[in-house]
Amino acid sequence: MYKQGVNRLPGRLLPSRQPRKERAVPTSSASATDSAKPSAAGGVQSLERAFDLLERMADAGGEVGLSELSAASGLPLPTIHRLMRTLVACGYVRQQANRRYALGPRLIRLGESASRLLGTWARPYLARLVEETGETANMALLDGDEIVYVAQVPSKHSMRMFTEVGRRVLPHSTGVGKALLAGVPDAEVRALLSRTGMPAATEKTITTPEGFLAALAEVRQAGYAVDDNEQEIGVRCLAVSVPDSPTAAAISISGPAGRVTETATERIVPVLQQVARELSAALVSQNQG
């Protein structure tokens, strides 16, 4: 929304996640000693397995049973039970009264720290966007069914867009939401929309799954997303996803519709795409380091 010199307190961030590429997981009925052996990639096999289970739990909505984890991962039940027992003891997983396992509260702290660090890394790139476009620049992540803003550099104009870091919004009415969901299969997008609903923020908000899926098809074809007065009347936003980011991320610029015109869009989009590529390279390098 438009504010002049007003910022709100940041909200709490939860661990962000995105659909994962399936990867091979050792399936031998190894003993407890075997699970600590070095992996083929030079890591510790038990750690790789534990993180794989946490990611599978996140993909399943945060709560699963041992048999479901066994079927999904290919690991034997005794191995999964040992790993889950360790994760419970560390606070990263908790066991429910129904004997199922859920992601634990200790992950929140890790997610908050990781999101803040990601935003810190992104700020120089957002600052460059502000310098080259003149508009407020943002970075957002897809966290479950919501969009969470993790970094912002405001425009130098007296009339500018403020979105407080930590703010959470539904993806169907935002440019960053469209940019992030354009890479998600239509069936998964429909499932997300059925969970969140599609409330109208303005009279221009897309409120049907068919309309939103059509908008995502346009994003894939054009290479960028537009929020045209859909979150707030008088505001336009242009967004692109950050390719190959360790977690699903998008960057955007937001400004008055009178400044972010169709003519301005032709100039701004190539800048957004170039900065996204450079930010991606930096994040990949940090992740590998």
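## Exercises on a predicted model

The secondary structure of the protein comes to 8 helices and 11 strands, where helices (H or I, at least four residues) and strands (E, at least two) are DSSP runs numbered from the N terminus. The model is predicted, so that local features need pLDDT of at least 70 and side-chain atom pairs count only at pLDDT 80 or more, while totals for chains, interfaces and linings use all residues. Residues are numbered from 1 along each chain as its sequence is written, and side-chain values use heavy atoms, with hydrogens and water left out.

**Exercise 1. Determine in what order the 6 strands of the open sheet are arranged, and which strands stand at its edges.**

Step 1. Two strands are taken as paired if DSSP finds at least two bridges between them. Strand S11 (residues 249-256) is joined antiparallel to strand S5 (residues 136-143) by 6 bridges, and antiparallel to strand S10 (residues 235-241) by 7 bridges.

Step 2. Ser252 in S11 shows both pairings at the level of residues, since Asn138 stands opposite Ser252 and Ala239 also stands opposite Ser252.

Step 3. Strand S6 (residues 146-153) runs antiparallel to S8 and is joined to S8 by 2 bridges, with Val169 in S8 as the bridge partner of Ile147.

Step 4. The complete order is S8-S6-S5-S11-S10-S9, with antiparallel pairing. Strand S8 (168-169) and strand S9 (225-228) stand at the edges with a single partner strand each, and therefore one side of each has no neighbour in the sheet.

Step 5. As for cover, 8 of the 8 residues of S11 are buried, where buried means under 20% relative accessible area, exposed over 50%, and partly exposed in between (1.4 Å probe, protein chains only).

**Exercise 2. Establish which residues of helix H6 are buried, and which exposed residues its opposite face carries.**

Step 1. Helix H6 spans residues 186-196, and its residues Val189, Leu192 and Leu193 are buried. These residues lie on the same side of H6 because they cover an arc of only 95 degrees around the axis, the arc being that of the directions from the helix axis to the C-beta atoms.

Step 2. On the face of H6 turned away from the buried side are the exposed residues Ala187, Ser194 and Arg195.

Step 3. The cover over the buried residues of H6 includes helix H5 (175-181) and helix H7 (209-222). Just after H6, Gly197 takes a positive phi of about 75 degrees.

**Exercise 3. Work out which parts of the chain the salt bridges of Arg100 and Arg168 tie together.**

Step 1. A salt bridge is a side-chain nitrogen of Lys or Arg within 4 Å of a carboxyl oxygen of Asp or Glu, and by this rule the count comes to 16 salt bridges.

Step 2. Arg100 forms a salt bridge with Glu63, with the closest N and O atoms 3.3 Å apart. Arg100 lies in the loop between strand S3 (93-95) and strand S4 (101-103), and Glu63 in strand S2 (residues 63-64), so this pair ties together parts that are 37 residues apart in sequence.

Step 3. Arg168 and Glu146 meet through their side chains in a salt bridge (3.0 Å, N to O). Arg168 lies in strand S8 and Glu146 in strand S6, so the pair ties together parts that are 22 residues apart in sequence.

Terms used:
Contact means heavy atoms within 4.5 Å.
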